[in-house]
Amino acid sequence: MSSPQQIAEEAIQNNKVIVFSKSYCPYCKKAKALLSSLDIEFATIELDLHPQGEAIQAYLLEKTGQRTVPNVFVNKTHVGGSDDLAKAERDGTLQKLLAQ
């Protein structure tokens with residue numbers, strides 16, 4: 001069985017955009033809606049539904065210093081949460097990351 005660290009790192013490495021999310025979280029829904037509205041394909045790990053979700057979230061906290069969800073990575077770069085993602089979209093950072 002993969003460790004929480006392996007699960008998180010493989011998701012970050014193997015997906016252009018990965019959203020670590022919780023199925024009930026309004027900020028996660030907002031971030032996923034923004035990506036969808038831009039026709040950006042993304043993968044999601046719903047931490048509240050994943051058997052190792054808590055451990056994955058603990059690892060992400062170590063890795064990024066961010067305790068909250070959504071926790072968004074684009075091309076292996078940590079973007080942050082919902083507000084960070086919206087800001088990155090507004091200021092052009094998101095498009096630059098996607099073009100890498």
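The following paragraphs describe a sheet, two helices that pack on it, and the surroundings of one serine, Ser82. The model is predicted, so that local features need pLDDT of at least 70 and side-chain atom pairs count only at pLDDT 80 or more, while totals for chains, interfaces and linings use all residues. Residues are numbered from 1 along each chain as its sequence is written, and side-chain values use heavy atoms, with hydrogens and water left out.

The sheet is open and mixed, with four strands in the order 2-1-3-4; strands (E, at least two residues) and helices (H or I, at least four) are DSSP runs numbered from the N terminus, and two strands pair if DSSP finds at least two bridges between them. Strand 2 (43–46) and strand 4 (77–80) each have a single partner strand, so one side of each edge strand is left without a neighbour in the sheet. Strand 3 (residues 71–74) pairs with strand 4 in the antiparallel sense over three bridges, and Val74 has Thr77 of strand 4 as its bridge partner.

Helix 1 (residues 4–14) packs on this sheet, in contact (heavy atoms within 4.5 Å) with strand 1 (17–21), strand 2 and strand 3. Helix 3 (residues 53–64) also packs on the sheet, where it touches strand 1, strand 3 and strand 4.

Ser82 lies in helix 4 (residues 82–91) and is buried (under 20% relative accessible area, with a 1.4 Å probe and protein chains only), its own value being 5%. Leaving aside neighbours within four places in sequence, Ser82 is in contact with Tyr27, Lys30, Ala31 and Pro70, and its side chain reaches the backbone oxygen of Tyr27 at 3.4 Å.

Terms used: Axes are lines fitted to C-alpha atoms, for helices over the stretch in contact, and angles run from 0 to 180 degrees between N-to-C directions. Buried means under 20% relative accessible area, exposed over 50%, partly exposed in between (1.4 Å probe, protein chains only). A polar contact is a pair of N or O atoms within 3.5 Å; within protein, one must be able to donate a hydrogen and the other to accept it, and residues adjacent in sequence count only if both atoms are side-chain atoms.
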